Amino acid sequence: MSEPNPYADDAYKWGPPQQPGHQPTVADGYPNPGGAPAYGYPQPLPESAAQPGPAYGYPQHAQPTMPGQYLPVPQGVPGQGGVPVLSIGDITVMNDAIVTPSGSMPLKGAVWTATDMSRTEERIPPHAIVLAIVFALFCLVGLLFLLMKEKRTTGFVQVTVTSGGRHHSTMIPAMGPHTFPAIMGQLNQARSMSI
């Protein structure tokens, strides 16, 4: 591999043709220094891009703030308290309103329900069965591996709110057996605010 290629000559063969002592120009496919850039080369920014404006979707007079996790403060919306008090799934409880993706509802007189559609299963993990078989040959000590158990929670918790002739339901994934009691604590706080 250290030998030079016997079929190659030292002539340059790639790119547009070049003559010795000739600088490439726009006609050759390269930009002309000091002139207008050719097609495909970086173009200068237009005058309107030199002055950055507000970001897309944000009001021009103020920058939004983040009162809670992933909840922007609604600005200029009459009838809403402005600061989220509680968030259950995609339902946000304000001081005087309930905001859902399907619209706003009055907080007073709201009816809250929750349904636990999750289940927790307890089973012997596959690695415990393999270890029990491998170590069963050593004085039956391997049978102790069959005492290993793992719990897995699957399913959802459904939260429903009805108020002012409107109805909204959301499904919250159950991460463990503690999910339903945690959601019920939030629901009891929302119920006390709805009175």
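Modeller: In this predicted model, two residues are in contact when heavy atoms of theirs lie within 4.5 Å.

Colleague: Which residues, then, is Ile88 in contact with, leaving aside its neighbours within four places in sequence?

Modeller: By that 4.5 Å limit, Ile88 is in contact with Trp112, Val159, Thr170, Ile172, Gln186 and Leu187. Ile88 belongs to strand S1, residues 86-88.

Colleague: What makes a set of residues a nonpolar core, and which residues have the most contacts inside the largest one?

Modeller: The residues must be buried, come from the nonpolar types, and be joined through side-chain atoms within 4.5 Å. The largest such set has 17 residues, and those with the most contacts inside it are Ile88, Ile91, Val93, Ile98, Trp112, Val159 and Val161. S1, S2, S6 and H3 each give two or more residues to this core. H3 supplies the largest share, four residues. In soluble globular proteins, nonpolar side chains tend to be buried together.

Colleague: What is the overall make-up of the chain?

Modeller: Three helices and seven strands. Along the sequence they follow the pattern α-β-β-β-β-β-α-β-β-α. Of the 195 residues, 21% count as buried. Among contacts with a separation of 6 or more, 49% are between residues 24 or more positions apart.

Colleague: How do you know that H3 has the length expected of a helix?

Modeller: H3 covers residues 179-194. At 1.5 Å a residue, its 16 residues should span 22 Å, and the end C-alpha atoms are 23 Å apart, so the two values agree.

Colleague: Which residues of H3 are buried, and how are they placed around the axis?

Modeller: Under the 20% limit for relative accessible area, the buried residues of H3 are Thr179, Ile183, Leu187, Ala190, Met193 and Ser194. They cover an arc of only 115 degrees around the axis, and therefore lie on the same side of H3. An α-helix has 3.6 residues a turn, so residues three or four places apart point the same way.

Colleague: What do these buried residues pack against?

Modeller: They pack against S1, strand S2 (91-93), S5, S6 and S7. H3 lies across S5, S6 and S7 and runs at about 175 degrees to S5. H3 also lies across S1 and S2, where its angle to S1 is about 130 degrees.

Colleague: Why are S5 and S7 called edge strands?

Modeller: Each pairs on one side only, which is what the term refers to. The sheet is open, has the order S5-S6-S7, and its pairing is antiparallel. Its neighbouring strands are turned by 10 degrees against each other on average, direction ignored.

Colleague: What makes S5 and S6 a pair?

Modeller: At least two bridges are needed for a pair. S5 and S6 are joined antiparallel over 13 bridges, so the requirement of at least two is met. One of the bridges sets Glu122 against Lys151 in S6; another sets Arg123 against Glu150.

Colleague: How many bridges are there between S6 and S7, and what is found in their hairpin?

Modeller: S6 and S7 pair over eight bridges, in the antiparallel sense. Ser163 stands opposite Arg166 in S7. Two residues lie between the strands of this hairpin, where Gly164 takes a positive phi near 60 degrees.

Colleague: Which strands form the other sheet, and in what order?

Modeller: That open sheet has four strands in the order S1-S2-S3-S4, with antiparallel pairing. S1 and strand S4 (103-106) each pair on one side only and are its edge strands. Neighbouring strands here are turned by 20 degrees against each other on average, direction ignored.

Colleague: How do you know that S2 and S3 count as a pair?

Modeller: Two bridges join S2 to strand S3, residues 97-100, and the strands run antiparallel. The requirement is at least two bridges, so this pair qualifies. Thr92 stands opposite Val99 in S3.

Colleague: Is His178 buried or exposed, and where is its place?

Modeller: Exposed means over 50% relative accessible area; His178 has 53% relative accessibility and therefore counts as exposed. The residue sits in the loop between S7 and H3. From C-alpha to C-alpha, His178 is 9.8 Å from Thr153, with their positions 25 residues apart in sequence counted as separation.

Notes: Residues numbered from 1 in each chain as written. Predicted model: local features only at pLDDT ≥ 70, side-chain atom pairs only at ≥ 80, totals over all residues. Heavy atoms only, no water. Axes fitted to C-alpha atoms, helices over the stretch in contact; angles between N-to-C directions. Expected span 1.5 Å × (residues − 1). Buried < 20%, exposed > 50% of the residue type's maximum accessible area, 1.4 Å probe, protein only. Arc of directions from axis to C-beta.
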